[in-house]
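Here is a friendly walk through one protein model, written for someone who likes to keep the structure open while reading. Turn it around as you go and look for each residue as it comes up.

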Amino acid sequence: MENLKIRRRFSFISIKTKILIICLIVVILPIFVMTVNSYLSSQRLLEQKYTELLMDIANQTNVRIDEYLKEIEKISLVATFGMNTGVQVDKEENYPLQNYLHNDSQENKNSAYAMLMNYMMMKDREISFYVYNLNGGKDLFVGSDLPIDYSYNAKEEEWFKFFQVSNSKMMTLDTHVDKQTISKKLAIAHARKILDVNSGTVLGIMVVRIDLSVIDVVNSRLQQALRSRFTIIDESDNIIYNSNTSLIGQKFASIRPDEQSNIIVQSPFERQRWTTYLYMPMSELSAEGDILRRNVYVLALLMLLFLVIISTLLSSMMTRPIKKLMNNILQVEQGHFEQVAHINSRDEIGLLSNRFNRMSHELKRLVKQIQQEEKEKAAAEIRALQSQINPHFLYNTLGSVKWIASMQRADSIVEITEALIAMLRYAARAEGVMVSVREELDNLKNYMKIQRVRYYNRIRMDIVADDELLNPFMPKLILQPLVENAIFHGLAEIEEDGLVTIRVAWNVNTRNGFVIEVHDNGTGMDEETYRMVKELISGKVNPSSSIGLYNVKRRIELHYGKAYGVEFESGVGKGTVFRIHLPYEDVSR
């Protein structure tokens, strides 16, 4: 019950509401699409711009770091085979580091130390030199981050052993803890083998230790937020640089930001096995996008407010005459024809109102006419009730005639009187104009009783019908005019063996219909008579000369339409057949 109430509540939607909804939908959808498209376009442009910017920053930073490491490689190469200034080339002093590895005397040490100190000062003390002697002498340490931890033996490290036996002349050590100094700071290093200039044997290994702060200096141009998101990883996905030193050594995959909510760029180094990652959260891009989004929202709201105002005014202007028309309809429904107001509207509503006003005036006239007809009908019913006295008197009179004939043993008069009384009761019965086929055939039997007496039993009637076809409805007194026509015009001149056959059968041309045939074996019709009867039935001529046939045809059409009616066939000496086509309407249901 509650659902039914809700459906009834929402089953009616006013035209004003529909116009407002349609206008809002028509405009809101484009505004929504425009807003979303503008925002997404601006977001894509910002993402593209910042992606290119981050890529440029990463590339430039990589280039600066690569150039710095390239300079360190050159310094290590020159230091390994370098010469002291002011010394002749052909003397052994030209190779101070070579000399020291062959002989670790104090003089050779001072010479090598001075050379390495000069190179260190060239790079602003950002580097240190660790020379590991593989020729049986002492190691040499020249650095800015003192003191040196002499207890540490780099020769025991895996990387040192691997490099010593490898065919490579130099290698880069990723970020590691510099155990050679007591401070144990993080650093990267460049290692190079020191080869004897004469024999080519390995005299030692020089490690150029680079303070990790060098990358911080290169990275100092980045904003503070970007600086914390600048990460360098090695080929094994290990972090070798991040401003947060606690992350160094971890797998980058464990801290890799979500690509859906961040812009991530990666730039591989040209000379190293490293890759730089730089990212920026999408939320930081919204600062610029928020301005455009707010402007679009304000514009959309203003357009929506303007649309609501215009739609309200437009719908009110359009529905005002409709409401007046609905009020006029309500007045007419209540019978107040005089209170119908005129609507001044120069459109379809105004035209509809004028037509409705004319219709209401015509309806008022018809109501008055119906009221007058009802009064006349009531008077006619009174007269009909009064006229029932006459048939009652006639029945009593015929009953007296029947009693007298019975007393005088006039059986024919008794039979005729009984048939006539039955026919009069059948014709005067007031419960309707539709009867069953069975009742109509019973009336014909009473009619033929009278005709047999009149024609001295020269005419008889046969009825051929299935029991199922005795139940359908049909108009009353349809068959009697046809039988009467067959007797008076076809069988009256026959001296004996006159026969009227009534046949009731299914209509083979329709699914739900039947046919009643009235056939006589009389003289039949000539061509002139046939044409005249055909025109009479069709109504082309005045039916006053033979009203029975036209009446039958007209009553059938009024009841069932022109698809049903009367047709006939006749020929001289062949008799006449009338056929009535009727729909099947079972009286027993």
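## A look around the model

A nonpolar patch on the surface is formed by Ile 28, Phe 32, Val 33, Val 36 and Leu 40, which together have about 420 Å² of accessible area. One of these residues, Phe 32, lies in helix α2, which covers residues 15–81. Phe 32 is exposed, with a relative accessible area of 54%.

Please keep in mind that this is a predicted model. The protein averages a pLDDT of 79, and 77% of the residues score at least 70. Where is the confidence lowest, and where is it highest? The low end is helix α1 (residues 2–11), at a mean of 53, and the high end is strand β14 (residues 513–520), at 93. Two stretches deserve a careful eye. Over residues 84–92 the pLDDT stays under 50, and the model has eleven contacts beyond four places in sequence for them. Over residues 384–389 the pLDDT also stays under 50, and here the model has zero such contacts.

**The overall picture**

The protein has 15 helices and 16 strands. Of its 589 residues, 39% count as buried. The accessible surface comes to about 35,300 Å², and 55% of that belongs to carbon and sulfur atoms. Among contacts between residues at least 6 apart in sequence, 62% join residues at least 24 apart.

**Helix α4**

Helix α4 runs over residues 106–122 and has 17 residues. At 1.5 Å a residue, α4 should span 24 Å, and its end C-alpha atoms are indeed 24 Å apart, so the two values agree. Which residues of α4 are buried? They are Asn 108, Ala 112, Met 115, Leu 116, Met 117, Tyr 119 and Met 120. After α4 comes Asp 124, whose phi is positive, near 60°.

**Salt bridges**

Side chains of opposite charge can pair when their charged atoms come close. A search of the whole structure finds 17 salt bridges. Three of the pairs are set out here.

| Pair | N to O distance |
|---|---|
| Lys 184 and Asp 149 | 3.2 Å |
| Glu 235 and Arg 273 | 3.0 Å |
| Glu 528 and Arg 531 | 2.3 Å |

Take the pair of Lys 184 and Asp 149, whose side chains meet in a salt bridge. Lys 184 sits in the loop between β3 (170–177) and β4 (186–195), while Asp 149 sits in the loop between β2 (140–142) and α5 (158–165), so the pair ties together parts that are 35 residues apart in sequence. Lys 184 is partly exposed, with a relative accessible area of 33%, whereas Asp 149 is buried, at 17%.

The side chains of Glu 235 and Arg 273 also meet in a salt bridge. This pair links distant parts of the chain, 38 residues apart: Glu 235 is in the loop between β6 (230–233) and β7, and Arg 273 is in the loop between β8 and β9 (275–281). Glu 235 is exposed, with a relative accessible area of 59%, and Arg 273 counts as partly exposed at 42%.

The pair of Glu 528 and Arg 531 belongs to a single helix, α14 (residues 527–538). Because they are three residues apart in α14, Glu 528 and Arg 531 are separated by about one helical turn. An α-helix has 3.6 residues a turn, so residues three or four places apart point the same way. Arg 531 is partly exposed, with a relative accessible area of 38%.

Elsewhere, a network of salt bridges links Arg 503, Glu 517, Glu 569 and Arg 579.

**Loop residues to look up**

Lys 184 has a second feature to check: its phi is near 55°, a positive value in a residue other than glycine. Tyr 456 likewise has a positive phi, near 55°, and is a residue other than glycine. Tyr 456 is placed in the loop between α12 (437–454) and β11 (459–465). Is Tyr 456 buried or exposed? Tyr 456 is exposed, with a relative accessible area of 72%.

Finally, look for Gln 260 in the loop between β7 (239–242) and β8 (262–268). Gln 260 is exposed, with a relative accessible area of 70%. The C-alpha atoms of Gln 260 and Met 282 are separated by 8.5 Å, with the two residues 22 apart along the chain.

Terms used: Residues are numbered from 1 along each chain as its sequence is written. This is a predicted model: local features need pLDDT of at least 70, side-chain atom pairs count only at pLDDT 80 or more; totals for chains, interfaces and linings use all residues. Side-chain values use heavy atoms; hydrogens and water are left out. Helices (H or I, at least four residues) and strands (E, at least two) are DSSP runs, numbered from the N terminus. Buried means under 20% relative accessible area, exposed over 50%, partly exposed in between (1.4 Å probe, protein chains only). Contact means heavy atoms within 4.5 Å. Accessible areas come from the Shrake-Rupley method with a 1.4 Å probe; for residues, only the protein chains shown count as cover. The expected span of a helix is 1.5 Å times one less than its number of residues. Patches are made of residues with over 30% relative accessible area and no salt bridge: like charges are joined within 9 Å, nonpolar side chains (Val, Leu, Ile, Met, Phe, Trp, Tyr) within 5 Å. A salt bridge is a side-chain nitrogen of Lys or Arg within 4 Å of a carboxyl oxygen of Asp or Glu. pLDDT is the predictor's confidence in each residue, from 0 to 100.
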